[in-house]
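Here is a short report for a reader new to this structure. Please look over the sequence and the model before reading on.

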Amino acid sequence: MAGIQSKNTKPELTIRKGLFRQGLRYTLHSNRYPGRPDIAFVSRKAAVFVHGCYWHGHDCSLFKMPANNAEFWRTKFARNKARDQVVRTELKDAGWRQLVIWECAIRGKAAAEVLDVIKQAERWVRDGNANLIIRGR
Ligand SMILES: [Zn+2]
């Protein structure tokens, strides 16, 4: 099970294509950088992660603890979250800034809302702002 490490998910492709259309160029899933960011802007030292709400245990409506084997899943999601935290620290220590886009910010949203998220992400990349999290409302 690829789980938390899964690449090229639908939300991720949406963000990638959107950023490309805004004229940005990037590196994908490179293990040369901590946490193998989904999208890396190497010269800007900016890493973008598109997190699936389920596997990353997001506190939102897309996440629901499975009823069966609850203890197993609780441990699993806790481990996934702990790994996310380690990656955040490693990237920070290496001087990278980070943007996390949660799946709930784009899944099931109207095109205009998705475009808004993409533009927010583009501004974040270009303006050199500090860490940012974009999540659904
Ligand atoms: Zn979410």
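## Charged pairs and a metal site

Glu113 has a relative accessible area of 33%, so this residue counts as partly exposed. The model is a predicted one. Glu113 forms a salt bridge with Arg137, with 3.8 Å between the closest N and O atoms. This pair links distant parts of the chain. Glu113 sits in helix α3 (residues 111-127), while Arg137 lies in the segment after β5 (132-134), 24 residues apart. Arg137 is exposed, because its relative accessibility is 85%.

A search of the whole structure finds five salt bridges. Three of the pairs are among the following rows.

| Salt bridge | Closest N to O |
|---|---|
| Glu12 and Arg16 | 2.9 Å |
| Arg137 and Glu113 | 3.8 Å |
| Arg126 and Glu122 | 2.8 Å |

Glu12 and Arg16 are four residues apart in helix α1 (residues 10-21), so about one helical turn separates them. Both residues, Glu12 and Arg16, are buried. Arg126 and Glu122 are also four residues apart, about one turn of helix α3. Arg126 is partly exposed at 38% relative accessible area. Glu122 is buried at 14% relative accessibility.

Now the metal site. Which residues are the protein donors of the zinc ion? They are Cys53 (SG), His58 (ND1), Cys60 (SG) and Cys104 (SG), at 2.0 to 2.4 Å from the ion. The site is tetrahedral, with angles of 105 to 116 degrees among the four donor atoms. Along the sequence, the donor residues follow the spacing C-x4-H-x1-C-x43-C. Cys53 is buried at 0% relative accessibility. His58 is buried too, at 7% relative accessible area.

Conventions. Residues numbered from 1 in each chain as written. Predicted model: local features only at pLDDT ≥ 70, side-chain atom pairs only at ≥ 80, totals over all residues. Heavy atoms only, no water. Donors = N, O, S within 2.8 Å, 3.2 Å for Na, K, Ca; no water. Tetrahedral: all angles 85-135°; square planar, octahedral: opposite > 155°, others 65-115°. Buried < 20%, exposed > 50% of the residue type's maximum accessible area, 1.4 Å probe, protein only. Salt bridge = Lys/Arg side-chain N within 4 Å of Asp/Glu carboxyl O. Helix = DSSP H or I, 4+ residues; strand = E, 2+ residues; numbered from the N terminus.
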